[in-house]
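User: I'd like to learn how to read a few features off a protein model. Can you take me through one?

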Amino acid sequence: MQMSGSIKIFTWFKIPVYIHWTFSLLILFVVWKGFDEGQSIPEILFSTSIIIVLFGCVLLHEFGHSLMARRYNIGTQDIILTPIGGIARLEKMPDNPRQELLVAVAGPLVNVVIAAVLLAVVVILTLNNEIGWWYFQNYVEWLGSSWFAVSESDAADLADTLQNAQSVVPFWLTAVAMVFFLNLVMVVFNLIPAFPMDGGRVLRSLLAMRINRLQATKIAARTGQVIAVLFVLTGLFNNEHLSLAIIGFFVFTTARTEYGMVRLEETLKSYKAVDVLRSQFTELLVNDWMQTPIGLLTRSNERHFLVFSMDHQPAGYLPDQSIIDAAKKNAVSTTVETWMKQPFTSVNETESLRYIYYLIFQRNIGIVAVTNHEGVITGVIDQTGLENFMRLKN
C-alpha cells in the first residue's frame, strides 16, 4: 500500500515509483522565491530544472539501496519521492550486520559515482579550456562557502568574480558544477550517524558486529537524537538554516521509532505462532454471497477471513478492504470468490512471530492460517489479533 497522497509515475526494475503531491509545493516555492528575488524567467527555469535533476539523483540513490537489498532476497514495496528526499520502503532490513552495512552504503555510493562521472565529463570537456576548469573549481568552492557559511565576505568576493566569468564559460558548466556539489552534499549528509539517514544504519551495523542488535540500535538511536537536537537548535537560531529544524524533528522521532521497532522485533522473535493463534474462526466458501462477510464485519471482531473451495481446500483470503469495497458497491449478491485475494498463506505452529509480523504488515496479508506438523489448520493469526498482542507486550 503506497503512502497516502502519492501518485505512481513509473516502474523500474519491477519497483513502483511514486511522487507525493507535496513535491509540487517545493517547485512552487522555488518559483515564488525566484520571482520574489527578481530573477528572470530563464533563471527560474534553471533553478527548477536543478531541483528536478537533483531528485533524479535522489531516486538513483534509493534504487542503490533497493537493488543491493534485492541481492539478499529483500524486496522493495515502492520508492516515494517527497520534498525532503526519497523513501525506499524495503520489506525489512537485513539481520546480518554486514549485509545491512552494504545496503546502507549502496545509496551514498551511487551519489559518489554520479559525482565522479560529472567530474570526469568536466575534466574531458575543459582540457583546452583553462577558464572553464578554473570556473568549475571555484564555483564548487563558492557553493561550499555559501552552503556552510564559512566566510560571507570571501563568498561574496568569489561570487562577483564568478559572475564576471559566466559570460565566457559554457552555460552547462554551472549546472554540472551545481549537480556535482549537491551529490557530494547528499553523500556527506546521508552519512551523518542518525536514523533514518544511511549513517545511522551504518553505525548500527558496525556496532551490531560486536554487540546485540537491540543494544546497537539503542546506541545509534540515541546518537541520532543528540544530532537531531543540534539540528533543531541550529535551525531555530539561524533563519537561513530553518529547514534543519524540520529535519532535526523528523530525525528525532524516526530514531525513537526505529528503536521501538527493533525492540518489538526482538520480543516477537521469542514467540511462536502457536502462542498467538485464534482457534475459533469463520470459514467462508467461494460461493458464499458477500452479504455474509459484510454482516460479520459489522457485528463481530473478525475483519479478515480464510476462503475455502467447495471441497474445503484452501482457496484464498478475504481482507477487510475487499469487504468494504463490496459494501460500498452494494454487491451483497456477488460471490466471495469474486472479491477474495490469492494465494492462501499458511505457516507452521512453530514459526517465529516475527516472520508472521513481516507477512501481515510488510506484505499486507491480512490473515494467515496456522497449521500443525500434519498440515491441518489449527487456527489463524490476523492483523487485529497481532496488533492486540503487540499492544500487550510493548
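**Reading a helix cap, a buried serine and a helix pair**

Analyst: Let's start with one atom pair: a polar atom of the side chain of serine 352 lies 3.1 Å from the backbone nitrogen of arginine 354. Keep in mind that this is a predicted model.

User: Which end of α13 does serine 352 cap?

Analyst: The N-terminal end of α13, with a side-chain oxygen of serine 352 as the partner of that backbone nitrogen. Serine 352 itself sits in the loop between β8 (346-348) and α13.

User: Does a loop position tell me anything about burial? Is serine 352 buried or exposed?

Analyst: Go by the number rather than the location. Serine 352 has 17% relative accessibility, so it counts as buried; the cut-off for that is under 20%. Leaving aside neighbours within four places in sequence, serine 352 is in contact with Leu268, Lys269 and Tyr271. You can also look at sequence against space: serine 352 and aspartate 275 are 77 residues apart in sequence, yet their C-alpha atoms are 9.9 Å apart.

User: And how many residues of α13 are buried?

Analyst: Eight of the 10 residues in helix α13 (residues 353-362), which makes this helix mostly covered. Among them are Leu353, Ile356, Leu359 and Ile360, along with Arg354 and Gln362. Just after α13, look at the backbone: asparagine 364 takes a positive phi of about 55 degrees.

User: Let me try another serine. Where does serine 205 lie?

Analyst: Serine 205 is in helix α7 (residues 198-208). Its relative accessibility is 0%, so serine 205 counts as buried. For the polar partner, check the backbone: the oxygen of valine 202 lies 2.7 Å from a polar atom of the serine 205 side chain. Not counting residues up to four places away in sequence, serine 205 touches Pro97, Glu100 and Leu101.

User: Now helix pairs. What describes two packed helices?

Analyst: The angle between their axes and the distance between the axes. Here, take helix α2 (residues 41-70) and helix α3 (residues 97-125): their axes come within 7 Å and cross at roughly 140 degrees. That angle is why α2 counts as oblique to α3; roughly antiparallel would need over 145 degrees. As for handedness, the crossing of α2 and α3 is right-handed.

User: Which residues in α2 meet α3?

Analyst: Cys57, Leu60, His61, Gly64, His65, Met68 and Ala69 do, and their partners in α3 include Leu102, Val103, Gly107, Pro108, Asn111 and Ile114. Sort the contact of α2 with α3 by class and you get 11 nonpolar residues, five polar ones and no charged ones.

User: Zooming out, how many helices and strands does the protein have?

Analyst: There are 14 helices and 10 strands. The C-alpha trace spans about 80 × 50 × 40 Å along its principal axes. Of the 394 residues, 46% count as buried. For contacts, take pairs at least 6 apart in sequence: 62% of those contacts join residues at least 24 apart.

Notes:
Residues numbered from 1 in each chain as written. Predicted model: local features only at pLDDT ≥ 70, side-chain atom pairs only at ≥ 80, totals over all residues. Heavy atoms only, no water. Axes fitted to C-alpha atoms, helices over the stretch in contact; angles between N-to-C directions. Helix = DSSP H or I, 4+ residues; strand = E, 2+ residues; numbered from the N terminus. Parallel < 35°, antiparallel > 145°, perpendicular 65-115°, else oblique. Left-handed = near helix turned anticlockwise from the far one by under 90°. Contact = heavy atoms within 4.5 Å. Nonpolar A, V, L, I, M, F, W, Y, C, P; charged D, E, K, R; others polar. Buried < 20%, exposed > 50% of the residue type's maximum accessible area, 1.4 Å probe, protein only. Polar contact = N/O pair within 3.5 Å; in protein donor to acceptor, adjacent residues only side chain to side chain.
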